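Please find below my notes on the model, set out as numbered points. They begin with the sheets and then turn to the core and to one loop residue.

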Amino acid sequence: MTIVVEAEEISTNVEVEAEWSWTVENSLDWVSVSRMSGLGNGSVAVTISENTNRVERTGTFVVAGQNVRVSQKGKIEPCGVTNVVARQRYPYSGKVDIDY
């Protein structure tokens with residue numbers, strides 16, 4: 001399973017279908033889970049914190065023996081470029097010839 005998200009914080013659920021007990025293994029500091037174990041069918045709430053870096057980040061945690069890959073896009077920041085149009089008026093008197 002792969003979760004692909006934008007840079008903003010997001011919460012989602014991972015559904016578990018099992019007839020036995022299961023565990024969650026998570027060492028990602030930017031992903032939090034609502035529970036670390038369960039018995040039978042269940043759901044794990046997953047919160048992925050905001051990615052404040054411009055670089056995409058990926059990681060994997062495990063639910064009921066299955067890898068859950070998380071891919072979170074980097075934060076898009078304004079590029080800082082502003083269109084500037086400079087206009088200056090020059091006093092002019094005279095004739096302008098335009099050839100076509």
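1. Five strands form an open sheet with mixed pairing, in the order β1-β8-β7-β3-β5; strands here are DSSP runs (E, at least two residues) numbered from the N terminus, and two of them pair if DSSP finds at least two bridges between them. At the edges of this sheet stand β1 (2–5) and β5 (37–39), each of which pairs on one side only. Its neighbouring strands are turned by 20° against each other on average, direction ignored, where the axes are lines fitted to C-alpha atoms and angles run from 0 to 180 degrees between N-to-C directions.

2. The model is a predicted one, in which local features need pLDDT of at least 70 and side-chain atom pairs count only at pLDDT 80 or more, whereas totals for chains, interfaces and linings use all residues. Residues are numbered from 1 along each chain as its sequence is written, and side-chain values use heavy atoms, with hydrogens and water left out.

3. Within the five-stranded sheet, β3 (residues 21–25) is joined to β5 by 3 bridges in the antiparallel sense, and Ser21 has Leu39 of β5 as its bridge partner.

4. A second open sheet, of 3 strands with antiparallel pairing, follows the order β2-β6-β4. Because β2 (10–16) and β4 (31–33) each have a single partner strand, one side of each is left without a neighbour in the sheet. The average turn between neighbouring strands is 25° in this sheet, direction ignored. Between β4 and β6 (residues 42–48), which run antiparallel, there are 3 bridges, and Ser32 stands opposite Thr47 of β6.

5. Which residues have the most contacts inside the largest nonpolar core? They are Val44, Val46, Ile48, Phe61 and Val63, in a core of 18 residues, a nonpolar core being a set of buried Ala, Val, Leu, Ile, Met, Phe, Trp, Tyr and Cys residues joined through side-chain atoms within 4.5 Å; buried means under 20% relative accessible area, exposed over 50%, and partly exposed in between (1.4 Å probe, protein chains only). Two or more residues come from each of β1, β2, β3, β4, β6, β7 (57–63) and β8 (66–72), and β6 gives the largest share, 3 residues.

6. Leaving aside residues up to four places away in sequence, Val46 touches (heavy atoms within 4.5 Å) several residues, among them Ile10, Val14, Val31, Val33 and Phe61.

7. Ala64 lies in the loop between β7 and β8 and has a positive phi of about 50°, although it is not a glycine. At 23% relative accessibility, Ala64 counts as partly exposed.

How values were computed. Helices (H or I, at least four residues) and strands (E, at least two) are DSSP runs, numbered from the N terminus.
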